[in-house]
Amino acid sequence: MNLIRSKIISSGSFLPEKIITNYDLEKSIDTTNQWIVERTGIEKRHIALNNQLTSDLASKASINALEYVAFNPADIEMIIVATTTPDLTFPATATIVQQKIGAVNAFAFDVQAVCSGFVYALSIADNFIKSGQVKNALVIGAETLSRIIDWQDRNSCVLFGDGAGALLLQANNKDNSGDDSGIIASSLNSDGRLNDILKTTGGVSKNQQTGFIEMAGKEVFKHAVEKMSKSVLSVLEKANLKTSDIDLLIPHQANIRILNAVMQKLNLPQEKAIITVADHANTSAASIPLAFDFANRHNKIKKNDIIVLEALGGGLTWGSILLRW
Ligand SMILES: CC(C)(COP(=O)(O)OP(=O)(O)OC[C@H]1O[C@@H](n2cnc3c(N)ncnc32)[C@H](O)[C@@H]1OP(=O)(O)O)[C@@H](O)C(=O)NCCC(=O)NCCS
């Protein structure tokens, strides 16, 4: 029986100051605020300036998390950045963040699972902690998705935004501490047969371009609802819990209709979900830690709460994490 749990001891976030509203988009493409709100729930998105890189957003979110609990960056042992929009093809954005925040004793690497990236990264960090290889980890989701959006493509450009969120994890030896909090179970999946329905038009090896986001919206919608609800059921089963045991669901913020459909399938009331999609839009790997930090700082999480995080993204990849606060 493993006695170590990965406990979340802090959260942080950063959103670039520049905001683009639906009304701003009405001026540049054939769309309306009403269409976007009705189909997605999105009202605005934050957009990074040209000189704000993913590593800058990630570093600010990290410092925000570290300062919240006065944690010394030199004490961080591992940094994982989940991102689809790295500063450079290499080195990993995580090593750039390491340098920017002064985490001189950590090892750092990136994880690429698109919008599921944060759930994947958190699960990896949890396994490093549970196995005793590290005692703490900084897990970041950070994106400048605006750089890979075709701002003339109304099918996609209305959906996405930029931002970063970070969680700080620490090993909690349940037996010594008498504290039951931390990550209890995770469930990760992918199906490469569906890699064509949500992808970019370019890449390093294919055409030496970054390309733009391209997706079959309806297909993605259908898979998102089905796969995310199954994933939540699977993580509950692993933890030997029921849907009614969930106190808080912190979903990937892609679209309010997807979120509502998942809640309905799980028979969970909407008040149990943290919803930030109206203000943040879809920030891919950053969306869950951004929503988590929002919940944490707005006192929406209570001691002992059972919290489930769930996401789906390009690949397709999907997954869930269940934890006790
Ligand atoms: C993209 C999405 C909002 C579109 O909603 P939808 O209800 O499926 O809409 P449709 O695709 O049926 O489009 C309806 C019409 O609106 C039009 N339309 C598309 N984007 C538009 C926009 N921004 N403004 C106005 N009209 C738009 C379409 O061209 C279509 O017109 P047509 O009927 O004349 O062909 C929806 O499919 C979705 O959210 N998919 C999941 C996307 C996602 O979250 N991806 C990331 C997952 S990590």
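Arg297 lies over the face of Tyr68, 3.8 Å from the ring centre. Another contact of this kind involves Lys227, whose charged end sits over the ring of Trp318 at 5.2 Å from its centre. Keep in mind as you look around that this is a predicted model.

Now let us turn to rings that meet other rings. How does one describe a pair of aromatic rings? The distance of the centres and the angle of the planes do the job. In this structure the count comes to 3 aromatic pairs. For Phe107 and Phe109, the planes stand at 10°, which is under the 30 degrees cut-off, so this pair is stacked. The rings of Phe292 and Trp325 have their planes at 50°, between the cut-offs of 30 and 60 degrees, so that pair is tilted.

Here are the two pairs side by side:

| Pair | Distance of centres | Angle of planes | Type |
|---|---|---|---|
| Phe107 and Phe109 | 6.4 Å | 10° | stacked |
| Phe292 and Trp325 | 5.7 Å | 50° | tilted |

Where along the chain do Phe292 and Trp325 lie? Phe292 belongs to helix H12 (residues 287-297), while Trp325 is in the segment after strand S13 (317-324). The two residues are 33 residues apart, and their pair links distant parts of the chain.

Is Phe292 buried or exposed? Phe292 is buried, because its relative accessible area of 0% is under the 20% cut-off. Phe107 is partly exposed, with a relative accessible area of 35%, and Phe109 is also partly exposed, at 24%.

Finally, which residues form an aromatic cluster? Phe107 and Phe109 join Phe128 in one such cluster.

Definitions and conventions:
Residues numbered from 1 in each chain as written. Predicted model: local features only at pLDDT ≥ 70, side-chain atom pairs only at ≥ 80, totals over all residues. Heavy atoms only, no water. Phe/Tyr/Trp six-rings, centres within 6.5 Å; stacked < 30°, edge-to-face > 60°. Buried < 20%, exposed > 50% of the residue type's maximum accessible area, 1.4 Å probe, protein only. Helix = DSSP H or I, 4+ residues; strand = E, 2+ residues; numbered from the N terminus. Lys NZ or Arg CZ within 6 Å of the ring centre and 35° of its normal.
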